[in-house]
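Student: I have a structure to go through. Could you take me through the terms and how each one is justified?

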Amino acid sequence: MIDIKLVREKPDFVKQALLNRNYDSKIIDDILSLDTKFRALTNQVNQLRSQRNAISKQVAQKKASGQADEVDLLMSEGKKIGEQIDSIESQLKGIEEQINRLILFVPNIPDPSVPIGKDETSNLEVRRWGEPKNFDFPAQAHWDLGPALGLMDFDRAAKLSGSRFTVMYSAFAKLERALMNFMLDLHTKEHGYTEVWVPHLVKRSTMTTTGQLPKFEEEAYRIEADDLFLIPTAEVPLVALRSEEILEEKDLPLLYTAYTPCYRREAGSYGKDVRGMIRQHQFDKVELVWITTPERSFEDLERLVSHAEEVLKRLELPYRVIQLCTGDLGFGAAKTYDLEVWLPSYNCYKEISSCSNDTDFQARRGNIRYRRKDGKLSFVHTLNGSGVAIGRTLVAIVENYQRPDGRVNVPKALQPYLGCEVLG
RNA sequence: GGAGAGGUGGCCGAGUGGUCGAAGGCGCUUGCCUGCUAAGCAAGUGUGGAGGGAUACCUCCACCGAGGGUUCGAAUCCCUCCCUCUCCGCCA
């Protein structure tokens with residue numbers, strides 16, 4: 001969440017930030033007026049408490065020195081003040097709850113370096129790597145090629161689970177597994193990440209830390225009996241891992257990577273990407289998370305992006321890097337780069353990784369702080385990025401490495417993992 | 001699911017109604033001492049909020065898992081809940 005002090009001190013700045021994201025800025029006015037009331041009442045109640053404390057102290061002194069005569073009067077006075085305190089406190093409690101509820105719905109403030117724009121048409125292309133291949137034969141989409149090889153099965157997946165699920169067999173199932181290992185090995189051995197194995201079911205508070213809740217509950221799968229949520233990304237457990245903790249500056253940055261499946265209801269995307277395995281309710285991903293300091297977080301974001309890019313370079317998949325504009329930023333992000341891989345079936349670049357600096361937004365929600373060298377406490381900055389989405393990588397490999405005979409070449413980097421050069 | 005134990009400051013740990021925001025220890029910071037380091041000695045060292053002088057200061061308030069209750073007054077008594085641990089049961 002954002003700092004309530006920022007709302008208090010620079011309301012117009014915060015409102016403009018929301019407008020740049022296509023959010024309604026009225027929520028800021030609501031918070032502001034509640035906050036004004038809150039502070040006025042807080043002062044009142046503090047004064048009353050101060051009075052009552054003084055009285056209680058006198059009671060104790062008189063009792064100790066045997067002057068019981070004035071005690072009754074003091075006690076009844078204390079009781080009167082106590083009743084006033086109770087009444088103000090109950091008002092305060094209601095106001096505080098309202099403020100807390102509202103502020104959880106306020107998105108992060110975009111970094112000044114983020115281009116202002118309404119939607120993805122204002123995103124900036126930062127760079128490209130590789131050239132989209134020109135096939136000298138009719139290239140197939142993965143949803144044709146996969147089933148033709150007998151390695152992808154959308155029909156039986158639908159039978160088991162409904163739409164937006166995939167079953168894969170033998171070489172493709174193994175390719176999925178090879179990609180996990182390849183990515184995790186790269187990030188742990190060459191980029192300095194610590195591999196973490198995390199729960200896939202998390203509590204409501206965990207989902208709130210990273211920003212999925214309360215605003216996007218309808219996007220998440222929820223286990224009602226225990227009020228647990230299936231993680232939509234490993235970012236959730238990795239970022240919240242250190243919630244409510246105070247870290248030492250010398251231990252930062254922390255670099256975490258995890259492979260997990262990701263579960264998403266895709267409630268708002270009915271017509272989108274309906275064919276194949278581009279948009280699934282369950283997909284595998286290797287995630288990268290940094291817990292770092294405010295001084296260096298934006299430089300660290302560039303490093304994180306380069307780590308995700310390295311995956312695509314090693315796999316020799318053509319991609320481009322996009323910087324999202326304000327209107328396209330995710331809820332918690334202050335700055336985001338997307339990596340988009342070339343997909344012949346779409347005849348365009350398609351998102352395969354999203355790397356964001358969430359600044360102190362998640363740290364505030366999860367109360368993740370660090371002790372600076374001067375002894376003061378500050379919120380950390382958190383970064384997250386896909387390193388990268390495995391299902392879409394598999395699709396990209398299948399489509400970009402397909403051969404005239406309908407089989408699929410194996411990228412050199414994966415050959416040690418698969419032990420072969422051709423799939424199918 | 002059943003039974004029990006426990007949740008106190010960065011950490012450990014005392015504290016059962018009135019200068020307890022909290023003993024003591026560890027850690028950390030500073031100073032002294034000292035070839036260096038260590039040890040020793042001394043002092044300091046929680047967080048959050050509101051307000052005022054508005055950098056380094058001061059005042060008030062709150063915080064001993066969370067939320068209620070009793071009381072003039074609660075870390076301390078009562079209730080509810082959450083979490084952790086141990087044992088038993090069930091199960092991969």
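Tutor: We will cover the RNA surface and then two helix pairs.

Tutor: This is a predicted model, where local features need pLDDT of at least 70, side-chain atom pairs count only at pLDDT 80 or more, and totals for chains, interfaces and linings use all residues. Residues are numbered from 1 along each chain as its sequence is written, chains are lettered from A and ligands numbered from 1 in the order written, and side-chain values use heavy atoms, with hydrogens and water left out.

Student: What makes a residue count as near RNA strand B?

Tutor: One of its heavy atoms must lie within 4 Å of the strand. There are 21 such residues around RNA strand B, and Arg8, Asn43, Asn46, Arg49 and Met75 come nearest.

Student: Which parts of RNA strand B lie within 4 Å of the protein?

Tutor: Sugar or phosphate accounts for 75% of those atoms. Bases make up the rest.

Student: How do you know that Arg39 makes a polar contact with RNA strand B?

Tutor: A polar contact is a pair of N or O atoms within 3.5 Å. A side-chain N or O atom of Arg39 is 3.1 Å from a phosphate oxygen of the strand, so the pair qualifies. Arg52 also has a polar side-chain atom 3.1 Å from a phosphate oxygen of RNA strand B. For Asn53, the distance from a side-chain N or O atom to a phosphate oxygen is 3.2 Å.

Student: Which helix supplies the largest share of the surface near RNA strand B?

Tutor: H3 does, with 11 residues. Helices here are DSSP runs (H or I, at least four residues; strands are E, at least two), numbered from the N terminus. H3 spans 26-64.

Student: Why is H2 called roughly antiparallel to H3?

Tutor: Helix H2 (residues 11-20) packs on H3 at about 150 degrees, with the axes 9 Å apart. Angles over 145 degrees count as roughly antiparallel. H2 is therefore roughly antiparallel to H3.

Student: Which residues meet there?

Tutor: Pro11, Val14, Lys15 and Leu18 of H2 meet Ile27, Ile28, Asp29 and Leu32 of H3. Contact means heavy atoms within 4.5 Å.

Student: Why is H7 called oblique to H10?

Tutor: The axes of helix H7 (residues 170-190) and helix H10 (residues 297-314) cross at roughly 130 degrees and come within 11 Å. Oblique is what remains after under 35 (roughly parallel), 65 to 115 (roughly perpendicular) and over 145 degrees. The angle fits none of those, so H7 is oblique to H10.

Key:
A polar contact is a pair of N or O atoms within 3.5 Å; within protein, one must be able to donate a hydrogen and the other to accept it, and residues adjacent in sequence count only if both atoms are side-chain atoms. Axes are lines fitted to C-alpha atoms, for helices over the stretch in contact, and angles run from 0 to 180 degrees between N-to-C directions.
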